[in-house]
Amino acid sequence: MQFGLTRESHCNYLSGKQERLIVAVPEDHQRLTPEAYEYFMANGFRRSHNDVYRPHCRLCSACESLRVIVNEFVASKNQKRIANKNKDLSLNVVLEPTEEHSRLFCEFIEQRHSDGEMYPPDPANFWRWVSCDWMTPLILEWRDNDENLLAVSVADQTPHALSAVYTFFDPAAHKRSLGTYAILQLIEYSRQQELEYLYLGYQIDACNKMNYKTRFAPYERLVGNHWKKALKSHTL
């Protein structure tokens, strides 16, 4: 396995910062596997389509991988209320996206993230971004009693972990707190599959949009090259 560095570019999370990534580059005869990707995740890497990368910025180390310890997780009172509020929803796991998924994705980006890098929404590019040639991502969908699609999470499952890739939901159902509910469900799915960790991507304390991740405790953060455990969430 070889590694390459990207050129510095504008950071989308911290104003005035420059981003640089280290990218795993397999040899021509090599092919990544879910087992190998699990090793990379344990060392702070994520994936985008087939590319496996980790922040490697010259002047900043704010990005820290965060993973929930599945069997030790304890829901807060607010999280229990959210779970109870969504008891009418049912979960299905599928392997291929549908036009219905794409429509919900577009509604979510247009109404919730019109200031983000995914706007305007392009479903074809999105599904290519979350797809992978050496692993089949899971598409978890939640529907109400009338079979209305309310939320979708894309996740990667490796032998001992689940990695949340992206979640979107019906903006009109904002009172359900579907973003929080989806993570609670991913934790429960991981528990049922006897997985050790749920990876939630990178945590940047100075980025308010990311601080929801620290509400799912206990969790571990990769500080330097060592996982450090946090027993309590920052916000209950």
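**Exercise 1. Strand 9 and its partners**

Task: In this predicted model, find which residue of strand 10 stands opposite Trp-142, and work out how strand 9 is paired on its two sides.

Solution.
Step 1. Trp-142 stands opposite Ala-151 in strand 10.
Step 2. Strand 9 and strand 10 run antiparallel and are joined by 6 bridges.
Step 3. Strand 8, residues 90-94, also runs antiparallel to strand 9, and 5 bridges join the two. Here Asn-92 stands opposite Glu-141 of strand 9.
Step 4. The hairpin of strand 9 and strand 10 has 5 residues between the strands, and in it Glu-147 takes a positive phi near 70 degrees.

**Exercise 2. Two faces of one strand**

Task: State which residues of strand 9 point one way and which the other way, and decide whether they are buried or exposed.

Solution.
Step 1. In a regular strand, side chains alternate between the two faces of the sheet.
Step 2. Leu-138, Leu-140 and Trp-142 point one way from strand 9. Ile-139, Glu-141 and Arg-143 point the other way.
Step 3. Residues on both sides are buried. This agrees with the count for strand 9, where 6 of 6 residues are buried.

**Exercise 3. The largest nonpolar core**

Task: Name the residues that touch the most other members of the largest nonpolar core, and find which element gives the most to this core.

Solution.
Step 1. The core has 46 residues, and Leu-162, Phe-168 and Leu-198 touch the most other members.
Step 2. Elements that give two or more residues to this core include strand 7 (64-69), helix 3 (99-112), strand 11 (161-169) and strand 12 (197-203).
Step 3. Helix 5 gives the most, with 8 residues.
Step 4. Take Leu-198 as a case. Beyond its neighbours within four places in sequence, its contacts include Leu-66, Val-68, Leu-162, Ala-164, Ile-183 and Leu-186.
Step 5. Another core, of 15 residues, lies apart from the largest one; among its members are Ala-24, Phe-45, Val-52 and Tyr-197.

**Exercise 4. The surroundings of Leu-200**

Task: Locate Leu-200, decide whether it is buried or exposed, and list what it touches.

Solution.
Step 1. Leu-200 lies in strand 12.
Step 2. Its relative accessible area is 7%, which is under the 20% cut-off, so Leu-200 is buried.
Step 3. Not counting residues up to four places away in sequence, Leu-200 touches Arg-46, Leu-66, Val-68, Ala-164, Ile-183 and Lys-213.
Step 4. Lys-232 is 32 residues from Leu-200 along the chain, and their C-alpha atoms are separated by 16 Å.

**Exercise 5. Backbone exceptions**

Task: Find which peptide bonds to Pro-120 and Pro-218 are cis, and where His-49, with its positive phi, is placed.

Solution.
Step 1. Most residues other than glycine have a negative phi, and most peptide bonds are trans.
Step 2. The bond joining Tyr-119 and Pro-120 is cis, with omega about -5 degrees. Pro-120 is found in the loop between helix 3 and helix 4.
Step 3. The bond from Ala-217 to Pro-218 is cis too, with omega near 0 degrees. Pro-218 lies in the loop between strand 12 and strand 13.
Step 4. His-49 is not a glycine, yet it has a positive phi of about 55 degrees. It sits in the loop between strand 5 and strand 6. With a relative accessible area of 15%, His-49 is buried.

**Exercise 6. Cysteines**

Task: Give the number of disulfides and decide whether Cys-106 is buried or exposed.

Solution.
Step 1. The count comes to 0 disulfides.
Step 2. Cys-106 has a relative accessible area of 17% and is buried. Cys-132, at 11%, also counts as buried.

How values were computed
Residues are numbered from 1 along each chain as its sequence is written. This is a predicted model: local features need pLDDT of at least 70, side-chain atom pairs count only at pLDDT 80 or more; totals for chains, interfaces and linings use all residues. Side-chain values use heavy atoms; hydrogens and water are left out. A nonpolar core is a set of buried Ala, Val, Leu, Ile, Met, Phe, Trp, Tyr and Cys residues joined through side-chain atoms within 4.5 Å. Buried means under 20% relative accessible area, exposed over 50%, partly exposed in between (1.4 Å probe, protein chains only). Helices (H or I, at least four residues) and strands (E, at least two) are DSSP runs, numbered from the N terminus. Contact means heavy atoms within 4.5 Å. A disulfide is a pair of cysteine sulfur atoms within 2.5 Å. Two strands pair if DSSP finds at least two bridges between them.
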